[in-house]
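I sat down with a coffee and a new model today, and kept notes as I went. Here is what I looked up, entry by entry.

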Amino acid sequence: MKAVSDELKAHLARPVTALATLWRITRRDGVVQGFTDHDRDIVVGGLTYRAAGGFTPTTVESGAEMAVDNLEIEAVLSSEAIGEDDLLAGRYDGARVDVFAVAHDEPAAGMLHLRRGTIGEVRLGGTGFVAEVRGLAQALARPVNGVYSAACRADLGDGRCRVPLAAATVEGAVTAVTDARVFTDSARTEAEGWFAHGVLTWTSGANAGRAMEVRDFALGTFTLYLPMPGAVAVGDAYRVHAGCDRRFETCRDRFGNAVNFQGEPHVPGMDFLMAPARR
């Protein structure tokens, strides 16, 4: 049962109501933003819900069959509210979204909590973006049982892998730039492929705080999977940890962590099953 104040109940009982929809977005870095579909800003609970132009939510679709609620937010990019750089940097990935109804002529009456979810896929357009809001039932759609595979199912350094990332992490600075995806640090002497599949985090420059997975590494040159949204410049500092291709040989030889390998490399694969019988 939803908690509603007596004042808001009285407002909802009117023949004609003056309701507005509020959207509270809580990013994983702690930043909280408020938006409304009303034509003026609304202040509730100390947070200003901005009347952002071009902010248009779709109709919420939900049912009793435990399907994931379907909801999208369409908005125009604004440097003062939600910017393209923030979206590309992943600052809104997994952000929590709370949807409320409020009487815009008497916001002190309180809010009616309508929905809660998290931001999923974000699609960028020429002047705006469309963000998918996934309902709480999304968690029920995730597989919870284990599977077997030749490759490791853990992420390097997580609770299952147990490799201490601090020992496999180094810091450096850019000495030459090819483009926003390829750059060189001449001080790096690690073996070819050492940082491939690792994660590089920028600690200074136009991309400070942003991270990207390393696709390849050779002779001090990094190649990222995707170009950085900001320009990469000589002198930009970074932090990167060694990569793992999830093969048993890499886990054993590079990290000495075979005992924690989360895969089944010796289970026969399809090649064995499809091979003809032999004496």
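**Entry 1: arginine 96 and its partners.** I began with arginine 96, which is partly exposed, because its relative accessibility is 34% and the partly exposed class runs from 20% to 50%. A reminder to myself: this is a predicted model. Next I looked for a partner and found that arginine 96 makes a salt bridge with aspartate 98, where the closest N and O atoms are 3.1 Å apart. Is aspartate 98 buried or exposed? Aspartate 98 has 0% relative accessibility, so I put it down as buried. I then followed the contacts outward and noted a network of salt bridges linking Arg24, Arg96, Asp98 and Arg116.

**Entry 2: other salt bridges.** How many salt bridges does a search of the whole structure find? The search gives 14. As a general point for my notes, side chains of opposite charge can pair when their charged atoms come close.

One of the pairs I checked joins the side chains of arginine 27 and aspartate 29, at 2.7 Å from N to O. Arginine 27 shows a relative accessible area of 10%, which means it is buried, since the cut-off is under 20%. Aspartate 29 comes out at 49%, so it is partly exposed; the exposed class needs over 50%.

I also looked at arginine 247, which forms a salt bridge with glutamate 249, with 3.4 Å between the closest N and O atoms. Arginine 247 is partly exposed at a relative accessible area of 44%. Glutamate 249 is partly exposed too, with 37%.

**Entry 3: the largest pocket.** I turned to empty space next. The largest pocket holds about 310 Å³. It is lined by 18 residues, and those closest to its centre are Ala154, Asp155, Leu156, Cys244 and Arg246. What is the make-up of the lining: how many nonpolar, polar and charged residues? I noted ten nonpolar, five polar and three charged residues.

**Entry 4: positive phi angles.** Arginine 246 from the pocket entry came up again here. This arginine has a positive phi of about 70°, although it is not a glycine. I located arginine 246 in the loop between strand E16 (237–241) and helix H3 (248–253). At 32% relative accessibility, arginine 246 is partly exposed.

Histidine 197 went into the same entry. It is not a glycine, yet its phi is positive, at about 75°. Where does histidine 197 sit? I found histidine 197 in the loop between strand E12 (182–184) and strand E13 (199–202). Histidine 197 is partly exposed, with 32% relative accessibility.

**Entry 5: a nonpolar patch.** On the surface I marked a nonpolar patch of about 520 Å², made by Met270, Phe272, Leu273 and Met274. I picked leucine 273 for a check of its own and placed it in helix H4 (residues 270–274). Is leucine 273 buried or exposed? Its relative accessible area is 57%, so I count leucine 273 as exposed, the cut-off being over 50%.

**Entry 6: glutamate 121.** Last on my list was glutamate 121, which lies in strand E8 (residues 111–124). Glutamate 121 is partly exposed, with a relative accessible area of 42%. I also checked its separation from valine 133, twelve residues away along the chain: the two C-alpha atoms are 8.0 Å apart.

Methods. Residues are numbered from 1 along each chain as its sequence is written. This is a predicted model: local features need pLDDT of at least 70, side-chain atom pairs count only at pLDDT 80 or more; totals for chains, interfaces and linings use all residues. Side-chain values use heavy atoms; hydrogens and water are left out. Patches are made of residues with over 30% relative accessible area and no salt bridge: like charges are joined within 9 Å, nonpolar side chains (Val, Leu, Ile, Met, Phe, Trp, Tyr) within 5 Å. Accessible areas come from the Shrake-Rupley method with a 1.4 Å probe; for residues, only the protein chains shown count as cover. A salt bridge is a side-chain nitrogen of Lys or Arg within 4 Å of a carboxyl oxygen of Asp or Glu. Helices (H or I, at least four residues) and strands (E, at least two) are DSSP runs, numbered from the N terminus. Buried means under 20% relative accessible area, exposed over 50%, partly exposed in between (1.4 Å probe, protein chains only). On a 1 Å grid over the protein atoms alone, a cavity is a set of points where a 1.4 Å probe fits but cannot get out, and a pocket is an open set with protein on both sides within 12 Å along at least five of seven lines; lining residues have an atom within 4 Å of a point. Grid points are joined across faces, edges and corners, and a volume is the space filled by probe spheres set on the points. Ala, Val, Leu, Ile, Met, Phe, Trp, Tyr, Cys and Pro count as nonpolar, Asp, Glu, Lys and Arg as charged, and the others, Gly among them, as polar.
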